[in-house]
Amino acid sequence: MNIEILFEDGEALVINKPAGLPVDRPKRGGPALWDHIEQLKLGFQRPPVAVHRLDTDTSGCLILARNPKALKRFNKAFEDRLVGKTYLAVMDFEPSEQSGTIELNLAKISSAEKGWRMIAAKKGKPAISHWELLQTIGEGDRKRSLIRFRPETGRTHQLRVHALQGLGVPLLGDPVYGPVRGQNKGAPRTMLHAEAIHMTRPGKDPVSAYAPFPEDFIRAGLTAPEPPPPPIRIPVSDDG
């Protein structure tokens, strides 16, 4: 497997993470991004380090830091919410509006039966996602939509829970938040793609990248949208 590189300079790489490849090694073992780390050194002695995380199923833009100083600065940029991101999601419904904002605090719960998951909870951490409808195909009760999400916060499973509890429908193929836990619904993976990322850097050009429209989204009947403008973020403070 060759990892597509979307952006490269002396401090950062942005890769197009394949769907199904975990960023961290699973506890049960198996393939992970680290298996491709030699390929991603690109002549550097130090291996690059992932600055943030994408779910295993999620494809698209992932920033890697190429040295410890860059990693420290990039971590602070994420903490200060100076990183803008957009995601594409496939959902089997047509929203009644063209766009909107979802504000649902998120908390983690777990049980012996179902394992852990995130839920909307008043005492959870603040989570905000903006969304817009890009495309709808199909007729009647067999409609399918392509939604662009722009999260303001980066909570675990934020878009997956906001889709389900904010828009009322899970992401296509989501095995955790879909209709039947442990089984995919209509797709072999959770249909979520980290489309674009933009991180400002003092005194340097921003780290900015766009990940091409995934082939499995095309097989799902959808058409690649126009790339979004850079998803620039303005610092916003919260208690999370």
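**Figure 1. Overall fold of the protein chain, with four helices and twelve strands.** The model shown is predicted. The C-alpha atoms occupy a box of roughly 55 × 45 × 40 Å along the principal axes. The radius of gyration is 18 Å, which agrees with the value near 18 Å for a compact globule of 240 residues. Of the 240 residues, 48% count as buried. The accessible surface comes to about 12600 Å², and carbon and sulfur atoms account for 50% of this area. Among contacts between residues at least 6 apart in sequence, 63% join residues at least 24 apart.

**Figure 2. The segment covered by a UniProt domain annotation, residues 13-163.** The annotation, from an unreviewed entry, reads "domain: Pseudouridine synthase RsuA/RluA-like". Over this range the chain is 15% helix and 38% strand. The C-alpha atoms at the two ends of the range are 29 Å apart.

**Figure 3. The largest nonpolar core, made up of 27 residues.** The residues with the most contacts inside this core are Leu33, Leu62, Leu64, Met91 and Phe149. At least two core residues come from each of the strands β2 (12-17), β4 (59-65), β5 (83-91), β9 (128-137), β10 and β11 (192-201), and helix α3 likewise supplies at least two. Another core, of 16 residues, lies apart from this one. Its members include Ala77, Val83, Ala209 and Ala211.

**Figure 4. Surroundings of Leu33, one of the residues with the most contacts inside the largest nonpolar core.** With residues up to four places away in sequence not counted, Leu33 touches Ile15, Leu21, Pro22, Val23, Leu40, Leu62 and Leu64. Of these partners, Leu62 and Leu64 are also listed among the residues with the most contacts inside the core.

**Figure 5. Arg155 in the loop between β10 (144-151) and α3 (158-167).** Arg155 has a relative accessibility of 17%, so this residue counts as buried, the cut-off being under 20%. A polar atom of the Arg155 side chain lies 2.7 Å from the backbone oxygen of Pro126.

**Figure 6. Helix α3, largely enclosed by the rest of the structure.** Seven of the ten residues of α3 are buried, which is why the helix is described as largely enclosed. The buried residues are Gln158, Leu159, Arg160, Val161, His162, Ala163 and Leu167. Just after the helix, Gly168 takes a positive phi of about 95 degrees.

**Figure 7. Leu164, a partly exposed residue of helix α3.** The relative accessible area of Leu164 is 26%, and partly exposed residues fall between the 20% and 50% limits. Leaving aside neighbours within four places in sequence, Leu164 is in contact with Val169, Pro170 and Tyr177. Leu164 and Ile119 are 45 residues apart along the chain, and their C-alpha atoms are separated by 9.9 Å.

**Figure 8. Glu38, an exposed residue of helix α1 (residues 37-41).** At 57% relative accessibility, Glu38 counts as exposed, the limit for this class being over 50%. A separation of 22 Å lies between the C-alpha atoms of Glu38 and Val207, which are 169 residues apart along the chain.

How values were computed. Residues are numbered from 1 along each chain as its sequence is written. This is a predicted model: local features need pLDDT of at least 70, side-chain atom pairs count only at pLDDT 80 or more; totals for chains, interfaces and linings use all residues. Side-chain values use heavy atoms; hydrogens and water are left out. Buried means under 20% relative accessible area, exposed over 50%, partly exposed in between (1.4 Å probe, protein chains only). A polar contact is a pair of N or O atoms within 3.5 Å; within protein, one must be able to donate a hydrogen and the other to accept it, and residues adjacent in sequence count only if both atoms are side-chain atoms. A nonpolar core is a set of buried Ala, Val, Leu, Ile, Met, Phe, Trp, Tyr and Cys residues joined through side-chain atoms within 4.5 Å. Contact means heavy atoms within 4.5 Å. The radius of gyration is taken over C-alpha atoms; the globule rule is 2.2 Å times the number of residues to the power 0.38. Accessible areas come from the Shrake-Rupley method with a 1.4 Å probe; for residues, only the protein chains shown count as cover. UniProt positions are given in the numbering used here, feature names are shortened, and annotations may be inferred rather than shown by experiment.
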